[in-house]
Amino acid sequence: EIAHNTTTEQFSPLLYIRSRIHFRTHRAALAFSGTHFLLLPEFFRSPRSSYNMDAQNKEVAALIEKIAGLQAAIAALPSLSPSPEVDRLFTDLVTACVPPSSVDVTKLSPEHQRMREALIRLCSAAEGKLEAHYADLLATFDNPLDHLGRFPYYSNYVNLSRLEYELLARHVPGIAPARVAFVGSGPLPFSSFVLAAHHLPDAHFDNYDLCGAANERARKLFGASEDGVGARMKFHTADVADLTQELGAYDVVFLAALVGMAAEEKAKVIAHLGAHMVEGASLVVRSAHGARGFLYPIVDPEDIRRGGFEVLAVHHPEGEVINSVIVARKAVDAQLSGPQNGDAHARGAVPLVSPPCSFSTKMEAGALEKSEELATKELAF
């Protein structure tokens with residue numbers, strides 16, 4: 001059934017009559033129930049509906065074929081370090097994945113699912129090399145923080161961090177965290193820096209990453225100063241699975257998109273956080289939606305609930321910000337939201353899909369053009 005929501009005050013008899021005439025031409029039965037129009041299943045067998053579905057299926061199939069070709073080309077590269085060819089292929093990939101799409105990556109064939117998982121790992125490896133390259137470049141300046149805009153996607157991190165803060169402030173009113181953890185910070189912890197410098201000026205940030213070299217690069221850029229933002233940013237080399245008592249000290253934990261790249265890995269990480277975070281603490285998880293799920297893992301809100309959290313908001317942005325954002329809170333009553341009874345709790349609540357936040361962003365084309373321009377200029381480094 002498809003329901004067209006309306007209120008009694010908005011109901012128009014003329015619109016109702018026209019609707020009946022239109023839908024009868026497609027052998028559909030239109031019924032009025034309460035304040036809803038219900039379109040019965042005959043509609044889905046109408047010629048126009050079948051045509052639209054066939055066109056949509058062809059569009060999705062073409063997209064998957066294109067992405068599979070790009071994945072094969074990327075996998076065949078001798079190196080994922082920044083180069084004109086690497087930049088061209090990933091630009092084509094992002095251009096294909098960012099526009100709104102009806103593709104549901106959870107329903108891919110086993111072959112395409114394996115392709116998607118391999119592609120996400122390639123994206124992760126390439127992103128790490130890109131960030132390491134620019135971290136080394138920024139380190140050559142006397143004041144690295146004055147040159148962060150040289151990174152081609154810096155504006156994306158600025159907008160994503162602002163979005164996360166706005167969602168957090170909207171759904172956890174009055175939040176003023178003293179200690180924040182960012183899990184999966186990498187060599188360029190832009191998110192922590194933007195949050196610390198512009199949104200959470202009193203919070204101390206502990207950044208965790210598996211890679212010691214990444215933390216060394218980050219520490220050199222952001223943790224060198226003894227005052228200001230740098231004094232509030234610390235860097236630790238650790239696996240989140242090894243953190244237990246430490247997690248209980250944080251008011252907010254941010255989970256990077258590429259921590260736990262397979263669904264089972266991500267669910268395990270979330271369950272671990274739920275077991276050790278303090279009740280009432282907030283969790284901000286980066287996810288993906290639609291074709292963007294070929295670039296980053298998609299997080300199921302039910303896995304967050306089963307991990308012992310109350311899901312407060314799920315937001316799928318459009319435009320330059322690629323990642324979806326899920327805001328959750330460690331359940332005060334573990335019996336309601338814990339792993340034991342997560343399914344029952346999930347049936348009683350639907351995650352809130354937040355409307356777009358008010359700030360404006362640039363379109364992907366500008367970011368991609370900037371990426372190509374800067375990569376060409378900086379590769380000589």
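Buried residues, meaning those under 20% relative accessible area with a 1.4 Å probe and protein chains only, make up 47% of the 381 residues in the protein. On the same scale, exposed means over 50% and partly exposed is anything in between. This is a predicted model, so local features need pLDDT of at least 70 and side-chain atom pairs count only at pLDDT 80 or more, while totals for chains, interfaces and linings use all residues. Numbering starts from 1 along each chain as its sequence is written, and side-chain values use heavy atoms, with hydrogens and water left out.

The secondary structure comes to 12 helices and 10 strands; these are DSSP runs numbered from the N terminus, with helices being H or I of at least four residues and strands E of at least two. Contact here means heavy atoms within 4.5 Å. Among contacts between residues at least 6 apart in sequence, 75% join residues at least 24 apart.

**Helices α5 and α6**

Two packed helices are described by the angle between their axes and the distance between the axes. Helix α5 (residues 154-171) packs on helix α6 (residues 190-199) at an angle of about 60°, and their axes are 9 Å apart. The axes are lines fitted to C-alpha atoms over the stretch in contact, with angles running from 0 to 180 degrees between N-to-C directions. α5 and α6 are therefore oblique to each other: under 35 degrees would count as roughly parallel, over 145 as roughly antiparallel and 65 to 115 as roughly perpendicular, with the rest oblique.

On the α5 side, the contact uses Tyr154, Tyr157, Val158, Ser161, Arg162 and Tyr165; α6 brings Phe190, Ser191, Phe193, Val194, Leu195 and His199. Eight of the α5 and α6 contact residues are nonpolar, three are polar and one is charged. For these classes, Ala, Val, Leu, Ile, Met, Phe, Trp, Tyr, Cys and Pro count as nonpolar, Asp, Glu, Lys and Arg as charged, and the others, Gly among them, as polar.

How many of the 10 residues of α6 are buried? Eight of them are, so α6 is largely enclosed by the rest of the structure. The buried set includes Ser192 and Ala196.

**Aromatic rings**

Rings of Phe, Tyr and Trp (its six-membered ring) pair if their centres lie within 6.5 Å; planes under 30 degrees apart count as stacked, over 60 as edge-to-face and the rest as tilted. That gives 10 aromatic pairs. One of them is the tilted pair of Phe193 and Phe222, at 5.4 Å centre to centre with 55° between the planes. Phe193 sits in α6 and Phe222 in helix α7 (residues 212-222), 29 residues apart, so to speak linking distant parts of the chain. Both Phe193 and Phe222 are buried. They belong to one aromatic cluster with Tyr134, Phe151, Tyr153, Tyr154, Tyr157 and Phe190.

**Three single residues**

| Residue | Place | Relative accessibility |
|---|---|---|
| Ser282 | strand β8 (residues 282-287) | 1%, buried |
| Gly307 | loop between α9 (301-306) and β9 (309-315) | 4%, buried |
| His147 | loop between α4 (110-138) and α5 | 26%, partly exposed |

Leaving out residues up to four places away in sequence, Ser282 touches Leu168, Val172, Ile175, Asp251, Val252, Val253, Met277, Ala328 and Arg329. With that exclusion, Gly307 touches Ile270, Ala271 and Gly274, and His147 is in contact with Leu138 and Phe141. Gly307 also lies 7.5 Å from His272, C-alpha to C-alpha, although they are 35 residues apart in sequence.
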